[in-house]
Amino acid sequence: MPPKVQQKSKEQKMAAAMAGGKGKKKKWSKGKARDKVDNKVLMSKEQHDRLYSEVPKMKLITVSTVVEKLKISGGLARRSLRMLASENLIRPVLLSRAQMIYTRNVGDDEEE
């Protein structure tokens with residue numbers, strides 16, 4: 001038979017129960033903070049050249065993809081896409097007030 005373990009007194013048990021009940025309070029996380037991007041509101045010559053060279057070759061062209069690629073503001077990207085569409089360099093797929101989706105102009109409108 002193993003040796004007998006010394007029993008705690010009632011006062012010691014009560015003190016242990018009172019002390020163990022209050023743990024540390026949970027800290028709420030602050031959430032993931034995104035880095036603030038500094039998109040340009042005016043196009044530089046280099047960005048203008050990239051707009052005309054890269055964007056008409058993309059399969060899916062939206063405002064957000066142009067903003068990410070060229071680091072320009074959303075309003076400037078919307079105006080640029082309208083300008084490219086008016087020059088028939090890109091073709092609209094869906095135009096709604098919330099989202100504008102364009103695609104590259106393949107075959108110079110032979111499908112229509």
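# A guided tour, starting at Gly75

Select Gly75 first: this residue lies in helix H4. The model on your screen is a predicted one. Gly75 is partly exposed, with a relative accessible area of 33%. Now add Val63 to the selection. The two residues are 12 apart in sequence, and their C-alpha atoms are 8.6 Å apart in space.

**Zoom out to the whole chain**

Show the cartoon. You should find 4 helices and 3 strands. Walk from the N terminus and the order reads α-α-β-α-α-β-β. The radius of gyration is 32 Å, well over the 13 Å that the globule rule gives for 112 residues, so the protein is more spread out than a compact globule. Turn the model to see its dimensions. The C-alpha trace spans about 95 × 35 × 30 Å along the principal axes.

To get a feel for that spread, select Gln12 and Tyr102. They are 90 residues apart along the chain, and 75 Å separates their C-alpha atoms. Gln12 sits in helix H1, residues 10–21. Its relative accessible area is 47%, which makes Gln12 partly exposed.

**Switch on the surface**

The accessible surface comes to about 9,800 Å². Carbon and sulfur atoms account for 56% of that surface. Buried residues make up 21% of the 112 residues.

Next, colour by charge. There are 26 positive and 13 negative side chains. Where do the two sets lie relative to each other? Their centres are 22 Å apart.

**Go inside to the core**

Hide the surface. Which residues touch the most other members of the largest nonpolar core? Select Val55, Ile61, Val66, Leu81, Ile90 and Tyr102. The core holds 16 residues in total. Three elements each give two or more residues to this core: helix H3 (63–70), helix H4 (74–86) and strand S3 (100–104). Tyr102, the far partner of Gln12 in the 75 Å pair, is thus back in view as a core member.

Centre on Val55. Leave aside its neighbours within four places in sequence. Val55 is then in contact with Arg50, Ile61, Val66, Leu70, Leu81, Leu84 and Ile90. Among these partners, Ile61, Val66, Leu81 and Ile90 are also on the list of core residues above.

Contacts can also be viewed across the whole protein. Take those between residues at least 6 apart in sequence: 47% of them join residues at least 24 apart.

**Stop at the loop between H3 and H4**

Two residues deserve a click here. Start with Ser73, which lies in this loop. Is Ser73 buried or exposed? Ser73 is buried, because its relative accessible area is 18%, below the 20% cut-off. Show its contacts, not counting residues up to four places away in sequence. Ser73 touches Asn39, Lys40, Val41 and Val67.

Now move to Lys71, also placed in the loop between H3 and H4. Lys71 is partly exposed, at 44% relative accessibility. Check the backbone here. Lys71 has a positive phi of about 60 degrees, although it is not a glycine. Most residues other than glycine have a negative phi.

**Finish at the next loop**

Follow helix H4 along to Asn88. This residue is in the loop between H4 and strand S2 (90–95). What is the phi of Asn88? The angle is positive, about 60 degrees, although Asn88 is not a glycine.

How values were computed: Residues are numbered from 1 along each chain as its sequence is written. This is a predicted model: local features need pLDDT of at least 70, side-chain atom pairs count only at pLDDT 80 or more; totals for chains, interfaces and linings use all residues. Side-chain values use heavy atoms; hydrogens and water are left out. The radius of gyration is taken over C-alpha atoms; the globule rule is 2.2 Å times the number of residues to the power 0.38. Buried means under 20% relative accessible area, exposed over 50%, partly exposed in between (1.4 Å probe, protein chains only). Contact means heavy atoms within 4.5 Å. Accessible areas come from the Shrake-Rupley method with a 1.4 Å probe; for residues, only the protein chains shown count as cover. Lys and Arg count as positive and Asp and Glu as negative; His and the chain ends are not counted. The place of a charge is taken as NZ of Lys, CZ of Arg, CG of Asp or CD of Glu. A nonpolar core is a set of buried Ala, Val, Leu, Ile, Met, Phe, Trp, Tyr and Cys residues joined through side-chain atoms within 4.5 Å.
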